[in-house]
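Trainee: I am new to this structure and would love a guided look. Could we go through it together, one question at a time?

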Amino acid sequence: MMSTMTFGWLAALITILMSVRTVQSQPAQVWNDQAYDTLKKAILREETLNTNTAKNVVFFVGSGMGLTTVVASRILRGQLDGMKGEETILAWENFSTMGMAKTYTTDRQVADGAGAATALFCGVKTKSGLVGVDDSAMLGDCKTGQAAAVDSVMISAEKAGKSTGFVTTARVTHATPSALYAHSPDRDWENDADIPQKEAAMGCTDIASQLITLGKNTKVILGGGRANMMPNTAADPEYPNQKGTRQDGRNLIDEWVSGKDPTTSEYVWKAEQFNAVDPKTTDYILGLFEPSHMQYSENGNNDGAGEPSIAQMVEKAIKILQKDGDGYFLMVEGGRIDHSHHDNNAYHALHDTVAMNEAVAKAIELTNENDTLVIVTADHSHTLSISGYPWRGNPILAKGFASGRLLMDDGLPYTTLAYAGGPGGIKERQSFEDTGMRRNLTNTDTEQPDFVQPALIPLATGSHGGEDVAIYANGPMSHLFHGVHEQNYIAHVVRYAARLGGNECGGNGAPSSGGFDLLLTLAGVMLCVAL
């Protein structure tokens, strides 16, 4: 009789062979033509650099979206469209310019989201855990944080008379968006209950309250995070058994509403309300669609009240902001890519990246590259890997088929995607303790939404990756991203391209904190003369 292992082996072999599509021949001329077209565009680009002023800036951040995530999501996008996948081009991969950003913080080789966001938006590197303050601040120390505040490019845009806003699938008080408007020596101080009494007594305020005060001129605020805005006596409108988290009795949502003209402002918390908002008559919108983070893109319509997609939020945001003749700044974060990676769940990480791809495509559709600088980058990477030589077109979330081998040396199949560390490592350890082997995935559907990818190191939550991340850019001054840059350089390009912080042609203002050095200022003067 055949063993159970043999039956499992044969079943898996049949599954793999049935899923492998015949690879059609692609002669040399196909690749020569493709390369020639790309080269022709590159040659023409040298003669047509866009040196216009960026009237508008749309700044996308895929949190945790390292290069491996981009490649895997590119393949998934194509496979969802019925193709092999590898040949797919994501929206930002058609941009005119690409560079790389070094993501380390001043105290860590591998960045966290707070330190990275401060570099991206404020133009200075700082310690991990700090939001909108420079490296002189100490984590959790109110006094040092008060003297270390640095303004973001969003604040610079507001000072220049532009409309501003941000969209995130995370909490609106989470690390990435908070660096746009807040100054805090601890990213976790999202509501007043999070701040130690001693530090609060020194005058430090929570990030949510800073959103209502320092961010009061921000016209578009869309994401999750209702709980941090509501008192602990108030029931959530969508989940009545949940309450707010604030201990000071303040309802920041009510404060936002009372501070705005009711005829031109809207507060919404569910899809139906959001869809009813007319951008032509709306100047301010606050949308909070979950007590904490928003749902993953594949779950967004299954939470009862429903949520807008990130692409729908981007479309609404741009249509509201573009009414300003002086231009606008919009930040968009695909925040839950990172969260799924922490869980070693590639399914939602890739699908949320695909969702962000749709948002970027929508932004491109609604803007003009002559006057709008669009940037797509990541705050940091994750430890996701693609390995094993799977056949061309093999489903990216499936088990691999390595060089004609279904099974590895231990007699078990493997997944194309895996992590260096995280919850998947705990599952591997548990399996080894039970069987002396890693997990046997022969009869496991690795493409189902909740599957946890294998990992080497057992950790309760997966860690970030420390490698450089890509910067994709299109529009005015996008060519200034041209090589390997420090991450904080990106904010300086935004300020220069949009002529913010006193660096506009003919401007006489002083650079804002984190502004340009003398060399870059002189370069701007020379460019203005040339124009």
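Mentor: Happily! Keep in mind that this is a predicted model. Let us begin with H174, which sits in the loop between β3 (163-171) and α7 (175-181).

Trainee: Is H174 buried or exposed?

Mentor: The cut-off helps here: a residue is buried when its relative accessible area is under 20%. H174 has a relative accessibility of 13%, so H174 counts as buried.

Trainee: Which residues does H174 touch, leaving out those up to four places away in sequence?

Mentor: Contact here means heavy atoms within 4.5 Å. With residues up to four places away not counted, H174 touches R187, E190, H293 and H339.

Trainee: Which residues are covered by the UniProt annotation "binding site"?

Mentor: The annotation comes from an unreviewed UniProt entry. The residues it covers are spread over 160 residues of sequence, yet they cluster in space, with a largest C-alpha distance of 10.6 Å. By that record they are H174, T176 and E333.

Trainee: Where does T176 lie, and is T176 buried or exposed?

Mentor: T176 lies in helix α7. Not counting residues up to four places away in sequence, T176 touches V61, A117, F121, M331, E333 and D379. Its relative accessible area is 2%, and because buried means under 20%, T176 is buried.

Trainee: Which helix gives the most to the largest nonpolar core?

Mentor: That core has 92 residues, and those with the most contacts inside it are F60 and W92. The helix that gives the most to this core, with eight residues, is α12 (residues 310-321).

Trainee: How many residues are in the second, separate core?

Mentor: Among its members are L350, L384, L397 and Y419. The number of residues in this second core is 13.

Trainee: How are helices α4 and α16 oriented, roughly parallel or roughly perpendicular?

Mentor: Two packed helices are described by the angle between their axes and the distance between the axes. For α4 (residues 113-122) and α16 (residues 489-497), the axes come within 5 Å and cross at roughly 25°. Angles under 35 degrees count as roughly parallel, so α4 and α16 are roughly parallel.

Trainee: Which residues of α16 meet α4?

Mentor: On the α4 side, the residues are A119, L120, F121 and C122. In α16 they meet I490, A491 and R495.

Trainee: And α3 with α14: roughly parallel or roughly perpendicular?

Mentor: The axes of α3 (residues 67-80) and α14 (residues 346-366) come within 9 Å and cross at roughly 80°. Residues that meet include T69 and A72 in α3, and L350 and H351 in α14. Angles from 65 to 115 degrees count as roughly perpendicular, so α3 and α14 are roughly perpendicular.

Trainee: Which residue's side chain makes a polar contact with the side chain of E428?

Mentor: E428 is found in helix α15 (residues 423-435), and E428 is buried, with a relative accessible area of 12%. The polar contact joins two side chains at 2.5 Å. The partner of E428 is R439.

Trainee: Last one: how far is the backbone nitrogen of I253 from a polar atom of the side chain of N251?

Mentor: N251 is in the loop between β4 (220-224) and α10 (252-258). N251 is buried, with a relative accessible area of 18%, and touches M229 and P231, not counting residues up to four places away in sequence. The distance from the side chain of N251 to the backbone nitrogen of I253 is 3.1 Å.

How values were computed
Residues are numbered from 1 along each chain as its sequence is written. This is a predicted model: local features need pLDDT of at least 70, side-chain atom pairs count only at pLDDT 80 or more; totals for chains, interfaces and linings use all residues. Side-chain values use heavy atoms; hydrogens and water are left out. Helices (H or I, at least four residues) and strands (E, at least two) are DSSP runs, numbered from the N terminus. Buried means under 20% relative accessible area, exposed over 50%, partly exposed in between (1.4 Å probe, protein chains only). A polar contact is a pair of N or O atoms within 3.5 Å; within protein, one must be able to donate a hydrogen and the other to accept it, and residues adjacent in sequence count only if both atoms are side-chain atoms. UniProt positions are given in the numbering used here, feature names are shortened, and annotations may be inferred rather than shown by experiment. A nonpolar core is a set of buried Ala, Val, Leu, Ile, Met, Phe, Trp, Tyr and Cys residues joined through side-chain atoms within 4.5 Å. Axes are lines fitted to C-alpha atoms, for helices over the stretch in contact, and angles run from 0 to 180 degrees between N-to-C directions. Angles under 35 degrees count as roughly parallel, over 145 as roughly antiparallel, 65 to 115 as roughly perpendicular and the rest as oblique.
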